[in-house]
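Reader: I'd like to go through this assembly with you, starting with how the chains meet. Could you take me through it step by step?

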Amino acid sequence: MVLFDASLFLLAAGGILALISNRNDRIATICGLTGGLGGTLCGAIGAIRAFLTPEIRTVAEGAVIQQPEMMAAFFLMPVTILGAFAAIHSVGYLKHHGHGRLGIYWFFYNLMIASMILVPLSATPVTFLFCWEIMGLTSFALVAYEYHSRETMKAAWIYLLACHAGIAFLIPMFMIHLGIWQTANATLWLFLTGAIGFGLKAGLPGLHVWLPEAHPAAPAPVSSVMSGAMINLGIFGILTYAVKSNDHFLLYGYFLLICGIIGAFGGAVSAYAQQNLKRLLACSSVENIGIICMGLGFGFLGFGYQNNFMAVCGFTGAFLHILNHAVLKGTLFLAAGEVYRSTGTLNMDLLGGLMKRIPGTGRIFTLAGLSLSGLPPFNAFPGEFAIYLAGFAGLAAKSTLLFVISLAGILGLAVTGGVVCGVFAKAIGGTFLGEPRSSHASEAEKTPVSIFGAMTGLISLAVIMLVATPVMTLLLRKMPEMFLKTAGNEIAQHSNHLAGLMLKLTAASGIVLIFFIMIWLLRYMLLTGKSVEKGPTWDCGYAEPTARMEYTATSFARPLCKDINLLSCFKKHEQKPDGLFPESASVTVTAEDPATAAWWKPLFEFFGKIAEKVHRLQSGSLHWYILMMVIAVLAMLIWGFVFQTDKTAGQKDHGKVSVKKEVVK
Amino acid sequence: MIAILIVLLPLISAGIIYLMGKHLKFGRFLFLFTAVCHSICSVYLLLNPEAALSKWDIGKTTLLGFDPISALFLLITSLLFILVAIQTHFWLPAELAAEPEHAAAHGHTAAGFQKESVFRSCLLAFLAMMTLVTAARNLGILWVALEATTLVSAPLICFRRSAGSVEAMWKYLLICSVGIAMALFGTMLLDVAASSGGHSPGLNFDKLLLTRSTFHTGWFKAAFIFAIAGYGAKMGLAPFHTWLPDAHSEAPGTVSALLSGSLLNCSFLALMRFYALAPETLRPFCKNLMIAGGLFSLGIAAFFILRQNDFKRMLAYSSVEHMGLAAILWAIGCDQGAIFHVCGHSLIKMTLFLIAGNILLAYGTRAIPTIGGMFKDMPKTACFWLIGILFICGMPPSPLFVTEYLLVREAGPLLSTAVLLLLFVVFGGMTKVCLSMLMGHTGSSAPLPEPTKNAERLNLIPLVALIAVTCCGIMWLILLNNGEI
Amino acid sequence: MNAFVEIISVALLITDLVLVISGRLLHSIRWVAIQGILLGLLPLLLHESGFGVQMLILAVINLSVKGILLPLLLIRAMRKADVRRELEPFVGYTASLILLLAATAICFGFCRYWNIAPGAASPASVPVAFTTMVTGLFIIIARRKAITQAIGFLIFENGISMFGICMMLEHGLMVELGILLDVFVLVFVMGIALFNINREFSHIDSDKLNSLGDWDLPAQNHKDGEAEQ
Amino acid sequence: MKFEFNHSIIWGISLLISLLICPLLPGIINKVKAFFAGRRGPRLLQLYYDLGKLLCKGAVFSHTTSGVLQLAPVVSLAGLGGCILLFPFGCAASPLAFTGDVILFAYLLALGRVLTVLGALDTGSSFEGMGASREIEFSALAEGALFTVIAFLILITGHFSLSDMLIGFETNQWLRFCAPMPLIFGAFGLVLLTEACRVPVDDPETHLELTMIHEAMILDYGGPDMALIEYGAALKLWLLSSIAVLLVLPVPGSSMFWNILLYFGGVFLMAILIGITESVTARFRMLKVPRMLTGALGFALIAILWIRIFRGGLL
């Protein structure tokens with residue numbers, strides 16, 4: 001607890017000092033960074049310690065925060081670790097983006113991290129809600145940090161709406177949670193309100209609309225923290241508050257699994273269609289949250305159907321994926337930020353060839369991208385592997401419903417996997433490979449040390465995590481047990497089994513690596529002593545292929561998007577060449593978010609239309625106003641005396657008599 | 001005696017300032033002095049319950065006196081007034097100087113202003129009347145005082161003489177007068193209801209409260225309906241609120257701050273008095289009526305805030321919304337919540353109107369689509385504006401977050417869902433507007449440099465108020481967390 | 001004394017009917033004055049048990065304010081605003097009369113059917129009071145000129161005080177005086193406002209006072225639709 | 001399934017043989033095609049000659065490329081190396097098999113593919129970009145069909161490991177589940193043709209780069225890298241053909257000799273089958289391929305439902 005207190009104090013102090021010294025960029029940065037780093041590191045140590053030696057939760061009377069239990073500690077780890085690396089990254093990133101306002105940035109950044117640490121630590125609902133909302137507000141301030149552009153404005157607005165809508169569901173959720181609202185089906189309502197309220201933060205499908213807006217708008221370190229750590233807190237909320245009862249595992253399971261399938265697939269496809277690199281990453285976050293939800297769904301279904309192997313696999317997969325996604329997505333956003341910093345654009349159709357200009361970033365992005373695609377020797381694979389296993393276990397189960405949903409889950413995961421490979425091929429290829437497509441890319445600036453350091457640190461962490469996967473699997477054993485009242489021996493057994501499989505996976509990764517080295521050596525030997533030349537790209541006879549002839553990221557993605565055109569959101573706008581000597585022709589493909597197109601936009605327009613109709617009431621005519629008053633009074637009178645008579649009839653007679661008496665007197 | 005003193009003090013000062021119209025400096029000094037004295041008195045009243053409960057008797061009927069709620073309302077009014085007074089002191093010269101510049105920039109002739117002495121004395125008289133409202137223990141006096149607030153605040157609305165402000169004043173006068181006349185009718189009906197038990201207890205609130213169980217229910221129903229219509233008109237309950245956006249948008253920022261922050265509270269106090277008198281059998285009826293009124297206000301306000309093009313009108317509708325919320329809170333029996341809500345709203349709304357005044361000072365227009373990039377052009381004002389808007393929407397640590405939480409807690413699922421939905425619409429509308437003003441690039445109407453500089457200097461009072469509000473909010477949050485609310 | 005009350009009630013009803021069909025402002029103001037005088041007489045007639053000094057003072061003030069001062073103020077305002085007639089009302093005079101008659105019938109029927117005011121001075125007086133209130137509101141809603149609306153408000157106010165008088169309510173001197181003072185100042189302020197309106201708009205048709213509103217604003221931009229695009 | 005020592009030996013020997021003779025498969029296919037076209041066609045061992053020639057050459061790399069281009073063939077082949085260790089060669093379970101290794105298998109194949117795509121994009125060539133784009137398009141869809149086939153296998157065998165799935169499937173079970181076999185074979189066949197870049201999805205031998213997928217992606221390779229790619233392709237074809245064979249052929253289990261014979265014979269038969277397919281069909285229009293792959297998915301799903309509804313699955 002002392003560690004967390006220290007962490008919060010350092011964060012707060014750093015933030016406030018930075019705000020005070022806003023006028024001096026250097027001092028503000030030093031204050032903010034020191035506070036941020038110190039705070040996150042303290043928090044990280046605290047979180048890891050709490051995770052390794054979980055204690056029973058004891059809440060002192062009137063306490064606001066408490067020692068985290070295992071689940072809270074688990075979700076604190078990405079927050080603190082990512083927070084530290086993103087803080088380092090901020091130093092380099094903001095050199096160009098925040099003159100004179102660095103203090104403000106650091107203030108909000110530190111406050112955001114502090115509130116994110118506080119969310120899992122909250123001891124009471126009110127504290128939780130408060131921290132939750134502060135988390136939303138501070139991150140909103142950071143999203144709106146680059147306030148000049150209209151896009152940022154729109155993004156910030158949508159994000160703010162999402163935060164607030166979340167609270168609007170969470171307050172009722174806590175009312176049910178605390179038993180203040182007594183309703184039938186309390187567990188169902190609790191879960192639904194919680195899932196929507198937290199899902200808005202986590203980016204469950206349909207509720208995810210803020211992600212592709214806010215992440216591109218926010219400064220890269222912030223998007224990194226938001227995407228890697230903050231959306232996980234939504235999952236934390238669902239697991240901690242919305243899931244309460246033991247006997248509704250099937251409800252939770254089916255809900256999360258279906259959400260997960262839709263989210264994973266939809267997220268992958270919309271990520272594939274994006275032109276903006278950070279937007280692509282944001283959509284990919286939706287996809288990964290979908291995968292996490294699938295894991296959790298399988299886990300709950302496992303409990304519901306008393307299939308503990310499935311439960312262990314599902315939960316372990318989900319939790320592993322949470323960690324891996326946090327680190328990898330954090331890295332990717334940091335790298336994307338570096339792309340933006342050095343080129344000034346995130347439009348992949350204008351980038352290209354950055355592998356030669358900012359090679360460090362390129363390599364790290366490639367590595368992280370391949371990892372997040374779930375490809376084997378890399379990080380995200382073990383998590384997905386466990387989830388697949390859970391699905392296989394469900395496939396072999398007796399229940400037909402479970403069979404169908406497991407099949408859907410496996411299929412979803414498989415197709416998602418395929419599409420995600422494309423997503424990252426597009427991101428890596430469009431951004432880093434080939435020839436630069438514009439001067440933005442060809443004049444990219446060099447990477448500062450802080451940025452490179454932050455990214456390298458994170459990616460090394462990923463490597464460590466890959467090696468440590470079997471150990472982590474064992475450590476995560478106790479997490480699923482928390483949902484069951486009784487800790488079963490069986491779970492431990494399955495967990496050990498799974499850890500064994502993970503060990504084999506790690507070994508397989510090692511073997512692939514050894515193969516790789518061997519083949520590379522072979523190739524090296526074959527090429528030594530022979531002529532290795534450089535030449536132009538063979539472009540089927542074109543002597544001088546230019547960058548304009550390259551396949552752009554958009555054109556790369558077009559075929560698959562056309563195949564899977566969700567709600568026809570991918571629209572092609574073309575201006576065909578016209579006449580004998582056509583001067584201009586263009587094709588652009590826009591990808592609108594399916595959820596936005598399907599219901600958010602119509603909903604908002606509906607409200608807008610109501611508003612326009614309602615506006616007629618205030619027409620400016622005094623006569624009408626007074627008529628309205630008279631009508632309202634008449635309506636109230638009629639309501640009061642015609643529709644509510646029965647109760648007061650007796651009273652009235654009584655009154656009449658007494659009045660008469662007075663008259664008689 | 002302090003009750004009379006606190007009413008008469010501003011009234012006398014008002015008279016003096018009016019009469020010594022040419023001595024501007026003296027007028028300014030007296031104005032501030034009165035405000036300070038008034039707030040000292042009201043603090044004293046709040047701190048000394050015995051003094052607060054002191055009554056002033058004429059012919060055996062108690063006319064003036066305080067109870068804790070009215071003392072609190074008085075304090076809020078007084079506090080608001082002193083803040084507004086200080087703001088006025090600095091704002092007025094800036095506004096007078098800016099008008100010709102704006103006129104030149106927008107190509108219209110400079111509007112005239114009322115005499116400063118008239119403005120100040122009206123403000124003081126307004127304060128006196130609001131004090132009287134809080135002090136009144138007699139429903140007749142309450143009515144008289146509330147009607148008088150309309151009369152003395154009407155000239156304030158057209159401080160800057162333009163067609164719009166005159167029109168707003170006219171509407172304000174007529175709608176409020178018709179409404180308040182209905183309230184008079186309601187008061188009379190209450191008298192009838194009360195005297196049906198045998199002898200008339202008069203209009204003394206305390207006496208009525210003792211005999212309320214013998215009230216004739218039919219008459220009381222009618223009385224309550226007319227009271228809702230009448231005091232609701234003053235308080236801004238839809239559909240009696242129609243004057244509010246016009247008056248608030250046309251009045252200078254400081255006046256709107258008082259209108260919205262104090263006057264609405266006073267009217268709410270009047271309605272609370274009526275509600276308190278309802279016999280037990282009629283409680284559900286009154287409750288339903290209040291909830292319906294509150295919900296309707298909330299709905300109307302929500303949809304007017306959506307697609308609003310005038311930021312001061314938006315604030316006015318927000319007042320309608322919050323009065324609706326307060327009515328609902330009061331009706332569902334969450335008295336503490338209602339009072340907290342009203343107090344929190346007063347402070348925040350005052351801040352917002354003061355800032356709106358500053359924005360108006362800099363830009364010379366209230367049209368939202370033409371304003372943009374305030375973060376760049378007037379950063380301090382922009383920050384405070386954003387914080388204020390978020391606070392008024394109930395983002396923590398705003399006190400309104402606490403009260404909205406209480407509302408949801410007490411109101412039950414159905415009502416809460418409706419309220420939360422409408423609050424969300426409000427939130428969407430307000431933040432949209434707010435962000436479009438703050439972010440992006442300078443819009444079609446650029447701020448004039450000199451007034452902008454002045455406006456940026458006028459942010460002391462908003463800052464103080466926002467800090468106070470934040471402290472309040474955190475305090476209440478702690479109370480809520482400890483289960484003490 | 002009941003007979004007198006009835007007579008005055010009928011007279012008040014007649015004033016209502018006249019007011020609703022009167023198009024000339026001066027005419028209307030005069031009839032409002034008559035109404036005020038009748039109303040001032042009413043409490044004197046009601047109290048058979050002798051006049052208190054307090055009541056006498058009140059009656060005198062009431063008579064002078066409602067019967068003389070307010071009409072004078074209104075006439076002054078009318079002169080200043082330079083307007084003589086109510087042109088093209090929203091509801092034609094004949095229709096107004098028919099509507100008012102219907103309203104009268106409803107008020108009477110309503111009071112009779114519910115036996116709404118058994119304690120009133122005279123059975124006819126309460127419905128007349130209601131009718132007067134309705135007349136006032138009707139005039140406010142259905143007439144164009146701002147000054148007519150001020151007149152309408154006075155009629156409405158008269159109706160309310162008539163109700164109070166007929167129900168024999170006593171609010172005490174302070175309250176009565178306060179109410180009177182308020183009404184007086186109100187009309188005074190309205191007069192000033194009328195003058196200002198005339199100066200700013202060069203007319204006092206209150207139906208043309210609709211520049212403030214949310215309906216037909218010049219720049220209706222579709223914010224939300226735009227935002228989602 | 002127990003891993004006995006002699007099983008492992010058989011597995012090891014079959015593995016080595018497979019590694020050695022896999023370049024024969026393209027030769028067989030070409031011979032079959034030549035036979036149908038009435039030509040003599042290239043030699044059966046043509047690929048060996050080609051590989052030998054390529055291995056002795058130097059290399060030319062584009063200015064545009066970064067290291068990814070050179071990395072791609074190596075990683076692909078390393079991934080395939082991982083795959084072969086999990087595969088039940090010669091109808092003998094791999095000694096390295098473990099629960100769920102089928103996922104690793106599928107994803108290692110995907111790894112190679114993604115790297116190839118990245119390598120193609122690295123050159124900045126429009127044709128290679130086009131090929132890469134199509135590769136992703138088709139493989140994403142094929143992935144679904146592949147996993148449905150895997151689900152089918154799990155359903156009928158109850159095992160999660162590739163070896164157990166493919167060979168733990170005995171004659172009596174085969175008889176029980178033979179009805180949907182053509183469906184599942186069809187589905188996997190289409191996946192195979194897609195993954196191995198054969199007609200009707202891709203045409204490895206055309207001279208119009210616009211119509212190619214895989215071959216378009218490797219336009220910029222030469223020398224040892226090309227050799228690695230060619231060999232990798234052959235190995236992949238071998239692996240996929242083996243799966244197809246093991247998928248539909250019941251394993252008697254009694255005799256090692258028969259198992260091995262069945263295995264190698266089946267693979268060559270498969271090559272001939274591919275050759276025949278290529279001879280009698282033309283390449284599909286690119287637009288039609290996604291529909292075809294969705295059809296494969298449909299086949300597999302129907303097969304699964306068939307099993308589930310009419311046979312109740314194995315478990």
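Reader: Which residue of S1(D) does Glu533(A) stand opposite?

Author: This is a predicted model, and in it Glu533(A) stands opposite Val60(D), a residue of S1(D).

Reader: And how many bridges join S1(A) to S1 of chain D, and do they run parallel or antiparallel?

Author: The two strands, S1(A) and residues 59-62 of chain D, run parallel and are joined by four bridges.

Reader: How many residues of chains A and D are in contact overall?

Author: On the chain A side there are 64 residues, which are in contact with 66 residues of chain D. Among the elements of chain A that give two or more residues to that side are helix H15 (380-395), helix H21 (489-527) and strand S1 (532-535), while H16(A) gives the most, with 14 residues. By residue class, the chain A side divides into 44 nonpolar, 10 polar and 10 charged.

Reader: Which pair of chains has the most contacts?

Author: Of the four pairs of chains that touch, chains A and D have the most contacts. Chain D does not touch chain B, their nearest C-alpha atoms being 37 Å apart, and chain D does not touch chain C either, with 28 Å between the nearest C-alpha atoms.

Reader: Now the other side: what does chain A give to its contact with chain B?

Author: Chain A gives 55 residues and chain B gives 58 residues. H6(A) supplies the largest share of the chain A side, 13 residues, and the elements that give two or more residues also include helix H5 (125-143) and helix H24 (622-642) of chain A. The residues on that side of chain A divide into 34 nonpolar, 16 polar and five charged.

Reader: Let's stay with H24(A): which of its residues are buried?

Author: Leu622(A), Tyr625(A), Ile626(A), Met628(A), Met629(A), Ala632(A), Val633(A), Met636(A) and Gly640(A) are buried. They cover an arc of only 150 degrees around the axis, so they lie on the same side of H24(A), whereas Ile631(A), Leu634(A), Ile638(A) and Val642(A), on the other side, are exposed.

Reader: What do those buried residues of H24(A) pack against?

Author: The buried residues of H24(A) pack against helix H7 (163-195), helix H9 (217-235) and helix H12 (283-305) of chain B, together with helix H5 (125-142) of chain C.

Reader: Switching topic, how far apart do the C-alpha centres of domain 2 and domain 3 of chain A lie?

Author: The C-alpha centres of these two domains of chain A lie 57 Å apart; domain 2 covers 249-465 + 549-576, and domain 3 covers 613-645.

Terms used. Residues numbered from 1 in each chain as written. Chains lettered and ligands numbered in written order. Predicted model: local features only at pLDDT ≥ 70, side-chain atom pairs only at ≥ 80, totals over all residues. Contact = placed C-beta atoms within 7 Å. Nonpolar A, V, L, I, M, F, W, Y, C, P; charged D, E, K, R; others polar. Pairing = 2+ DSSP bridges. Domains from an automatic or database assignment. Buried ≥ 20, exposed ≤ 12 C-beta atoms within 10 Å, placed from the backbone. Arc of directions from axis to C-beta.
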